[in-house]
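Let us walk through this structure by way of its charged side chains, then step back to the whole chain.

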Amino acid sequence: MPDLFAYTDGACSGNPGPGGWGVLLLAKDGETIVKERTLEGGEADTTNNRMELMAAIMALETLAKASSITVVTDSAYVKNGVTGWIHGWKRNGWKTAAKKPVKNADLWQRLDEAQARHDVTWKWIKGHAGHEENERADELARAGMAPFKT
C-alpha cells in the first residue's frame, strides 16, 4: 500500500484580496511516485489564512475513503491550529482563551470534520525554501488565484 502525502499551500494578493489554494497529492512507494493528483481553487475576496485552511480541507475532503495521510503545510497557523489550539477552541464553544470568537471558525470546523475521517499526520516545513513539492503547491495556489485577480 503506497504512502499518501498532501502538500498544501495558500496564496493571497493583498490580505484581504483575491486568493488561491493548491494541493499536490502524491501516493509514494518509498521514493517512487505511484500516483499524482493536483487540485486548485480560489476566491475573489479572502485572506491568506483562509486559503491555507482551504488547501488542507480540500486535500482531505477529496479522498474518497478513509486514509492514512501526511499533510505537509508551510503554514504554522494551520499546523499549530489543527494539532493544538483547536482542542481548546472546541471545549470553549469556538472561543479563544480571551473569550473572543475564533477567526475562520467555519473553516476550522470543516477541517476538523474532514480530518476526523482519516488518520492524519501533520507536518510543517519552511515555505519558499526550495522544497520541490511545496513549490509546486505554491504554483497551484497562484494558478487558483489567477482568475480572481483584476
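Start in helix α4 of this predicted model. R142 and D138 both sit in this helix, four residues apart, which is about one turn. Their side chains form a salt bridge, with the closest N and O atoms 3.1 Å apart. The two partners differ in cover. D138 is buried, because its relative accessible area is 8% and the cut-off is 20%. R142 is partly exposed, at 44% relative accessibility.

Stay in helix α4 for another bridge. E133 pairs with K28, and the closest N and O atoms are 3.9 Å apart. E133 belongs to helix α4 (residues 132-145) and K28 to strand β2 (residues 17-29), so this salt bridge ties together parts that lie 105 residues apart in sequence. K28 is buried, at 10% relative accessibility. E133 counts as partly exposed, at 22%.

Now move to helix α1. Here R50 reaches D106 in a salt bridge, 2.9 Å from N to O. This pair, too, links distant parts of the chain: R50 is in helix α1, D106 in helix α3, and 56 residues separate them. D106 is partly exposed, with a relative accessible area of 42%. In total, the structure holds six salt bridges.

Which charged residue is buried yet has no salt bridge? It is E52. This residue also lies in helix α1, which covers residues 48-62. The nearest side chain of opposite charge belongs to R142, and it is 9.1 Å away. A salt bridge needs nitrogen and oxygen within 4 Å, so E52 has none. What does the side chain of E52 have beside it? One of its polar atoms lies 3.3 Å from the backbone nitrogen of G10. Beyond its sequence neighbours up to four places away, E52 touches T8, D9, G10, T73, D74, S75 and V78.

Another acidic residue to look at is D112, in helix α3 (residues 105-116). Is D112 buried or exposed? D112 is buried, because its relative accessible area of 15% falls under the 20% limit. Leaving out neighbours within four places in sequence, D112 is in contact with I86 and K90.

Turn next to strand β1, residues 3-12, where C12 is found. Setting aside neighbours within four places, C12 is in contact with G17, P18, G19, T46, T47, N48 and M145. N48 falls within the span of helix α1, and M145 within that of helix α4. L107 is 95 residues from C12 along the chain, and the two C-alpha atoms are separated by 17 Å.

Finally, take in the whole chain. It has four helices and five strands. From the N terminus on, their order is β-β-β-α-β-α-α-β-α. Among contacts with a separation of 6 or more, 67% join residues 24 or more positions apart. Buried residues make up 47% of the 150 residues.

How does the overall size fit the chain length? A compact globule of 150 residues would have a radius of gyration near 15 Å, and the chain agrees, at 15 Å. Along its principal axes, the C-alpha trace spans about 50 × 40 × 30 Å. The accessible surface comes to about 7900 Å², and 50% of it belongs to carbon and sulfur atoms.

Notes
Residues numbered from 1 in each chain as written. Predicted model: local features only at pLDDT ≥ 70, side-chain atom pairs only at ≥ 80, totals over all residues. Heavy atoms only, no water. Helix = DSSP H or I, 4+ residues; strand = E, 2+ residues; numbered from the N terminus. Buried < 20%, exposed > 50% of the residue type's maximum accessible area, 1.4 Å probe, protein only. Lys, Arg positive; Asp, Glu negative; His and termini not counted. Polar contact = N/O pair within 3.5 Å; in protein donor to acceptor, adjacent residues only side chain to side chain. Contact = heavy atoms within 4.5 Å. Rg over C-alpha atoms; globule rule 2.2 N^0.38 Å. Areas by Shrake-Rupley, 256 points an atom, 1.4 Å probe, with all protein chains shown as cover.
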